[in-house]
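Reader: Hi! I'm in my first year and still getting used to reading structures. Could you take me on a close tour of the surroundings of one ligand, and then of whatever else belongs with that part?

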Amino acid sequence: MTNYLVTGGCGFIGSNFIKFIMGFSDTTVCNIDKLTYAGNPLNLLEFENDERYSFYRVDICDKKKVETIFKSRKIDIVVHFAAESHVDRSILSGIEFVKTNVEGTQSLIDVSRDYSVQQFIHVSTDEVYGSIKEPGKFTEKSELHPNSPYAASKASSDLMVLAAIRTHDFPAKITRCSNNYGPFQYPEKLIPLMVSNILEGKSLPIYGTGANIRDWIYVDDHCEGIYSVITKGRAGEVYNIGGRSEIKNIDLVHKIADELGVVPTIDFVKDRLAHDERYAIDFSKISKECDWHPNIGLERGLKNTISWYENNTGWLDKVKSNEYITYYKAQYEKS
Ligand code: NAD
Ligand code: TYD
């Protein structure tokens with residue numbers, strides 16, 4: 001048996017990752033999640049009565065509670081997803097990002113060391129590198145140059161993990177992935193927000209001119225990438241994960257509208273502050289060392305994603321709670 005502790009497993013990527021590893025019968029998963037606005041236990045309803053799965057509603061900053069969980073069971077591998085994850089929210093207020101992403105990560109490192117876990121996977125982002133002009137790509141050796149409070153908090157947590165590796169020989173690995181999309185993504189991020197607005201007949205807010213470029217990866221490819229790092233990656237190393245799908249925001253939004261068969265009403269709104277122009281990932285290290293590459297191209301991934309949202313409007317309605325409405329007003333209806 002391999003016993004995983006997954007943090008943030010009720011969020012977008014965490015829940016997809018748990019579905020993926022629960023597919024291996026010799027696996028148990030203990031999911032700890034605070035259930036912020038972004039955490040949704042309904043994402044994992046299928047495991048409610050599965051004895052290989054357990055869930056604890058716990059804040060990773062609450063060291064005592066986290067320790068109680070480690071004390072009560074054997075944990076082999078920690079996969080750390082829990083985070084405040086949205087750039088626009090970090091611009092509205094950064095403090096929760098420092099608490100969860102920096103303090104929470106350090107606390108989890110400390111408990112994981114005390115209980116001698118075999119591996120600690122720190123799930124990070126390409127945003128720690130900042131923005132890069134064409135034709136450059138970020139490698140694992142690129143300088144850390146975060147521009148948003150979100151990216152700065154993730155870079156800080158990466159540095160705490162690297163410090164634990166160097167100081168304590170902590171058996172951690174860091175993954176830095178590009179923009180994910182797929183089922184169960186909260187509709188604050190670009191793709192589900194655009195799909196949700198189209199389904200509601202609302203206009204589509206594009207920051208600036210829509211010329212910013214992101215490299216999109218289907219969430220299943222990211223989950224397989226993380227798994228390949230767990231099984232084949234070297235301790236103490238950083239691995240970039242990319243989707244090989246760079247596109248300008250405006251072109252992506254037109255693709256989404258085409259797929260949904262609508263002529264979009266685009267609203268070019270005030271640009272995001274310190275808006276990174278372009279992200280682009282060199283993922284040759286994980287390809288060579290872990291034999292991983294993305295399998296699902298943007299066309300297929302978008303089709304899957306859009307049809308998932310069309311078939312799961314109940315899920316979408318539930319997550320668009322009062323909190324979402326308040327956030328949407330603060331973000332998009334400010335003067
Ligand atoms: P998400 O916002 O959908 O989910 C985050 C989860 O963490 C939620 O379930 C939330 O309840 C939980 N959480 C937040 N604070 C917590 C706390 N203090 N204690 C316990 N649980 C807490 O995020 P996501 O998009 O699934 O991202 C997961 C991870 O992957 C993050 O670390 C993020 O930085 C990283 N990442 C995301 C992307 C992306 O495109 N979404 C790309 C690269 C890396
Ligand atoms: P987002 O999904 O928030 O991911 P990130 O900022 O982490 O890359 O945004 C992706 C791109 O889409 C980014 O360039 C900002 C842009 N964007 C908009 O133009 N309008 C929106 O409403 C949102 C949420 C994002």
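Author: Let's start with ligand 2, which has 19 residues around it, with Glu127, Arg214, Arg272, His275 and Tyr332 coming nearest. Here, a residue counts as near if one of its heavy atoms lies within 4 Å of the molecule. Before going on, a word on the ground rules: this is a predicted model, where local features need pLDDT of at least 70 and side-chain atom pairs count only at pLDDT 80 or more, while totals for chains, interfaces and linings use all residues. Residues are numbered from 1 along each chain as its sequence is written, chains are lettered from A and ligands numbered from 1 in the order in which they are written, and side-chain values use heavy atoms, with hydrogens and water left out.

Now for the polar contacts, meaning pairs of N or O atoms within 3.5 Å (within protein, one must be able to donate a hydrogen and the other to accept it, and residues adjacent in sequence count only if both atoms are side-chain atoms). The side chain of Glu127 has an N or O atom 2.4 Å from an oxygen atom of ligand 2. For Arg272, too, a side-chain N or O atom sits 2.4 Å from an oxygen atom of ligand 2. Pro205 takes part through its backbone instead: one of its backbone N or O atoms lies 2.9 Å from a nitrogen atom of the ligand.

How much of ligand 2 does the protein cover? On its own the ligand has 510 Å² of accessible area, and 98% of that is covered. (Such areas come from the Shrake-Rupley method with a 1.4 Å probe; for residues, only the protein chains shown count as cover.) The elements giving two or more residues to this shell are α3 (87-92), α6 (190-200) and β8 (204-207), and β8 gives the largest share, 3 residues. Helices (H or I, at least four residues) and strands (E, at least two) are DSSP runs, numbered from the N terminus. Sorted by class, the shell holds 8 nonpolar, 5 polar and 6 charged residues. For that sorting, Ala, Val, Leu, Ile, Met, Phe, Trp, Tyr, Cys and Pro are nonpolar, Asp, Glu, Lys and Arg are charged, and the others, Gly among them, are polar.

Next, the empty spaces. On a 1 Å grid over the protein atoms alone, a cavity is a set of points where a 1.4 Å probe fits but cannot get out, a pocket is an open set with protein on both sides within 12 Å along at least five of seven lines, and lining residues have an atom within 4 Å of a point. Grid points are joined across faces, edges and corners, and a volume is the space filled by probe spheres set on the points.

There are 2 cavities of 30 Å³ or more, and the second largest holds about 40 Å³. Its lining includes Glu127 and Arg272, along with Arg214 and His275, so you've met those names already around ligand 2. By class, that lining has 5 nonpolar, 2 polar and 4 charged residues.

The largest pocket holds about 290 Å³. Among its 14 lining residues, Tyr207, Lys270, Asp271, Gln331 and Lys334 lie nearest the centre. Helix α3 turns up again here, giving the largest share of the lining, 3 residues, and α12 (322-332) also supplies at least two.
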